[in-house]
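Let's take a walk through this structure, starting with the overall layout and ending with a few backbone oddities. Keep the viewer open as you read.

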Amino acid sequence: AQPNAPEPLEAPLRDLKYGQLNFLHTTDTHGWHAGHLLEPSFSADWGDYVDFAARLREKLEGEGRDLLLIDTGDRIEGNGLYDASDPKGLFTFDIFRAQHMDIICSGNHELYQQNSSENEYLITAPAYADSYLASNIDILNPTTGEVVPLAPRYKKFTTRLQGIRIMAFGFLYNFDRNYNNTIVQRVEQTIQEDWFQQAIRDRDIDLFVVIGHSAVRSEEFDMIFRAIRSVQWDTPIQFFGGHYHIRDYHKFDSKSYGLASGRFMETIGFQSIDGLSSKNSANTSPTFFRRFIDNNLYSLYHHSGHNASTFHSERGRNITKAIEEARDALSLDETFGCAKRDLWMSRAKYPSNSSIFSWLEEHVFPGVVNDTRRGDRPRLIISNTGAIRFDIFKGPFTKDSTFIVCPFTSGFHYLKDVPYNRARKLIFLLNRAGEIFETSDPSLAAWKMSPPHQLGIPEDIVVPEQLPPDHPFGNSQTPILGSVDRALTPGYTTVDDAGDDGDDTIHSPISFYRVPNCIQSVVNPRDIDLKDEVVDVVFNEFIQPWILLGLRFLGLNYSDEDVDKYAPDDNMTTLIAKWVRTNWADNC
Ligand SMILES: O=c1ccn([C@@H]2O[C@H](COP(=O)(O)O)[C@@H](O)[C@H]2O)c(=O)[nH]1
């Protein structure tokens, strides 16, 4: 762990159950390879993960079992370790690839920008030449300009010890916001391709492993499942997914399961399968087991059967050191100001004093989203809630925090002099009229503007006995009495298709409050209720297609040509940092 990471807390643990074949799975790590430096539950770093995988491998292989490592993408954007360097990712590619991977694929984040997808093609895919799969992604070769597969479409291999014959694919969901140097083929088309149809008809296969940057409950995975099942009625299929940033486990049928292993290096997913056929033995009744490991040394020592003196290797320590040095070189601990209270994305009700979205709406946007060319004109400032990625904890707000809270480089755009009597209805449409957006253009489903982790949570979860978030002991990792005889720490309490015993650490639950798709600040509203008043509609660049469509529903026909950059030297990340420096510097 990083030298400034908090010690993990002791907690009751559920064990792993090993199978013939075992998997460790990471997804949506988003640059958090230093681990969480303010949360004991998730304080192990990538060096510890490398050691954990090595220790588990020694143990499992000693028993004649196989272990495979999987990563399902979105490795970048979301933490200073990736975002603060110039160019971005200067340190993270070497750190990440210190971990062996057996099957790895791209997420959508790798494809938002031209340079990040070229990094995949030129750095990560070659580093994992035998394991990177891109079943439905092509890229424009930066040297030749030719359209080529980002990586091989599939691979067939046999596990070393058990001789299990595996056919593996690596998909991306039907993502359509990629930069125009990549092509993401829709999954429904890819599964019609000859190479896929041939691969799924291979009879010498004991297990299909479909990894993908896609929710495990998704049309895309359902289509792949049905395609394989239609030609192999009995062969087991194991899916690994992500994208929604949640822990989940989905049963497709009695021989097919899908694991989603959370986000931000909080979770190491463990999956095992027993009773598989192999090239030497026939078997027909596989059993599947999953566990979500909290990424801290207490858990990692326990599951590997090691302790602080035997767990760490020189290799792991060197990776930990490289992360520490990168963080130092990037000055990620530089403090911009101090938060007087925790500000939550979903643990506090919106609107409220403890909601990060109320803070943005009431303080940050009115304070810093301005453009000298537009003076003090009345304006509506609208942002999607998905632009915010993480909570702010009471205490120092650092350079790292700016990227953790909002890593996106998109700036603000605006439409000038929009009739207020129509523009004022826009926020209602964005938040309440999802259906008409989706009907008009399925790629513009309004929920896509909200944080991904709430997509699988249809309603608020309110835990009555929880301490309020602004209570002095209300931080996530403070022990509270969860039952009569033992103290539990608040944390993940996952319920999925296999029940409620998936998490390795037994925690007390945390409240979850859903938030709207968008928030809005109304700035300089003088005279704004006059019917001929006009306002600037300022919005986060990412939501431009929804803003234009929403205004069209309101009878205002604007197009991309009417939109201009607002405060062009800044973006949401730099603006939040500016506000903190101005308003919170004296709190430290
Ligand atoms: O520039 C951007 C890019 C994305 N978002 C938000 O993020 C989600 C997608 O998040 P994943 O990590 O890929 O799951 C997207 O739906 C937006 O809500 C953004 O706000 N700005």
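The centres of domain 1 and domain 2, taken over C-alpha atoms, are 33 Å apart. In the contact between them, 14 residues come from domain 1 and 12 residues from domain 2, where two residues count as touching if their C-beta atoms, placed from the backbone, lie within 7 Å. As for the full division, the chain splits into domain 1 (21-329), domain 2 (335-456 + 514-587) and domain 3 (471-510), with bounds that come from an automatic or database domain assignment.

Before going further, a word on provenance. This is a predicted model, so local features need pLDDT of at least 70 and side-chain atom pairs count only at pLDDT 80 or more, while totals for chains, interfaces and linings use all residues. Residues are numbered from 1 along each chain as its sequence is written.

Now for the inside. The largest nonpolar core has 157 residues; such a core is a set of buried Ala, Val, Leu, Ile, Met, Phe, Trp, Tyr and Cys residues joined through C-beta atoms within 7 Å. "Buried" here stands for 20 or more other C-beta atoms within 10 Å of a residue's own, "exposed" for 12 or fewer, and "partly exposed" for anything in between, again with C-beta atoms placed from the backbone. The residues with the most contacts inside this core are Ile-103, Val-210, Ile-356, Val-537, Val-538 and Ile-576. Domain 1 and domain 2 both give residues to the core, so it lies between them. Pick Ile-103 and look around: leaving out residues up to four places away in sequence, it touches Leu-68, Ile-70, Ser-131, Leu-133, Ala-168, Gly-170, Val-209 and Ile-211.

Next, a helix pair. Helices (H or I, at least four residues) and strands (E, at least two) are DSSP runs, numbered from the N terminus. How do α1 and α8 meet? The axes of α1 (residues 46-62) and α8 (residues 297-304) come within 9 Å and cross at roughly 15°, the axes being lines fitted to C-alpha atoms over the stretch in contact, with angles from 0 to 180 degrees between N-to-C directions. That makes α1 roughly parallel to α8. At the residue level, Asp-48, Phe-52, Arg-55, Leu-56 and Lys-59 in α1 meet Leu-297, Leu-300 and Ser-304 in α8.

Helix α10 (residues 314-329) is home to Arg-327. Is Arg-327 buried or exposed? Arg-327 is buried, because 22 other C-beta atoms lie within 10 Å. Beyond residues up to four places away in sequence, Arg-327 touches Ala-34, Leu-81 and Leu-332. Arg-327 and Phe-91 sit 9.2 Å apart, C-alpha to C-alpha, with their positions 236 residues apart in sequence.

Finally, the backbone oddities. The peptide bond from Asp-86 to Pro-87 is cis, with omega near 0°, and Pro-87 lies in the loop between α2 (80-83) and α3 (92-96). Another cis bond joins Tyr-350 and Pro-351, with omega about -5°; Pro-351 is in the loop between β15 (335-339) and α11 (356-368).

Two non-glycine residues have positive phi. For Asp-74, in the loop between β2 (66-71) and α2, phi is about 55°, and this residue is buried, with 24 other C-beta atoms within 10 Å. For His-245, in the loop between β10 (237-241) and β11 (247-253), phi is near 65°; His-245 counts as buried because it has 23 C-beta neighbours inside 10 Å.

Key. Parallel < 35°, antiparallel > 145°, perpendicular 65-115°, else oblique.
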